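Please consider the sequence and the structure shown below. The explanation after them is meant for a reader who has not met this structure before.

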Amino acid sequence: MKIIVTRNNISFFCLLLLLSVTSCNTTDTGISQAFPDCFDNIQNQGEQGVDCGGPCLPCPGKITALVDGAPWVSAGNVSSSVNNNSIIILSGNGTSTLSLIHTGPFVNGTYNLQSALYGITATGVNYLSNQGTITFTNWDDIQNQVSGTFSFSAIESSGTGDTILVTNGNFQFVPYQP
């Protein structure tokens with residue numbers, strides 16, 4: 001069998017060699033950057049929280065605090081009720097409930113709490129307070145959500161004299177209807 005080498009064959013061979021050499025770039029790491037979206041576990045692209053708010057679905061409401069030094073975290077819905085110039089923010093976690101009542105302006109700032117309640121579900125024991133503060137850090141009039149901080153001390157409602165101290169309170173993305 002005789003192989004005929006022509007100028008066309010040599011040109012074709014050189015073209016294949018050139019393509020194989022240039023198709024692999026030594027600076028290509030093979031790692032692509034994630035395109036920002038609402039499911040990338042990163043707070044980016046104008047999101048208010050991780051993968052929520054801004055261009056994504058609204059962030060779910062959340063309340064956290066320390067109750068006598070023990071962590072308390074809301075589970076499920078965090079809700080509010082607005083009546084004239086009062087807002088009630090409340091939630092529970094299956095073992096207890098937490099409610100805050102503010103009467104006054106709906107603007108950023110620190111105010112005295114009108115009242116607060118911490119209730120233990122299993123025993124039905126409630127702790128009531130009218131001594132505490134609430135700080136509003138964000139009234140989002142577009143998504144109708146409010147965020148801020150709070151703290152209070154409360155006395156057991158039966159009058160036994162037992163008290164609790166709620167500190168480092170934080171509420172985020174609580175929905176409200178103006």
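The following paragraphs treat one strand, its two partners and one residue beside it.

The model is predicted. A suitable starting point is strand β4, which spans residues 86-92. Of its 7 residues, 5 are buried, and β4 is therefore largely enclosed by the rest of the structure.

One partner of β4 is strand β3, formed by residues 78-83. The two strands run antiparallel and are joined by 6 bridges. Within this pairing, Ser80 has Ile89 of β4 as its bridge partner. β3 and β4 together make a hairpin, with 2 residues between them. In the turn of this hairpin, Asn84 has a positive phi of about 55 degrees.

Strand β5, residues 96-103, is also paired with β4. Here 7 bridges join the strands, and the direction is again antiparallel. Leu90 has its bridge partner in β5, namely Ser99. β4 and β5 likewise form a hairpin, in this case with 3 residues between the strands. Gly94 in this hairpin adopts a positive phi near 95 degrees.

Ser99, which lies in strand β5, merits a separate look. Is Ser99 buried or exposed? Its relative accessible area is 18%, and because buried means under 20%, Ser99 counts as buried. When neighbours within four places in sequence are left aside, Ser99 is in contact with Ile89 and Leu90, and its contacts also include Ser115, Ala116 and Leu117. Leu90 is thus named twice for Ser99, as its bridge partner and among its contacts.

Methods:
Residues numbered from 1 in each chain as written. Predicted model: local features only at pLDDT ≥ 70, side-chain atom pairs only at ≥ 80, totals over all residues. Heavy atoms only, no water. Buried < 20%, exposed > 50% of the residue type's maximum accessible area, 1.4 Å probe, protein only. Helix = DSSP H or I, 4+ residues; strand = E, 2+ residues; numbered from the N terminus. Pairing = 2+ DSSP bridges. Contact = heavy atoms within 4.5 Å.
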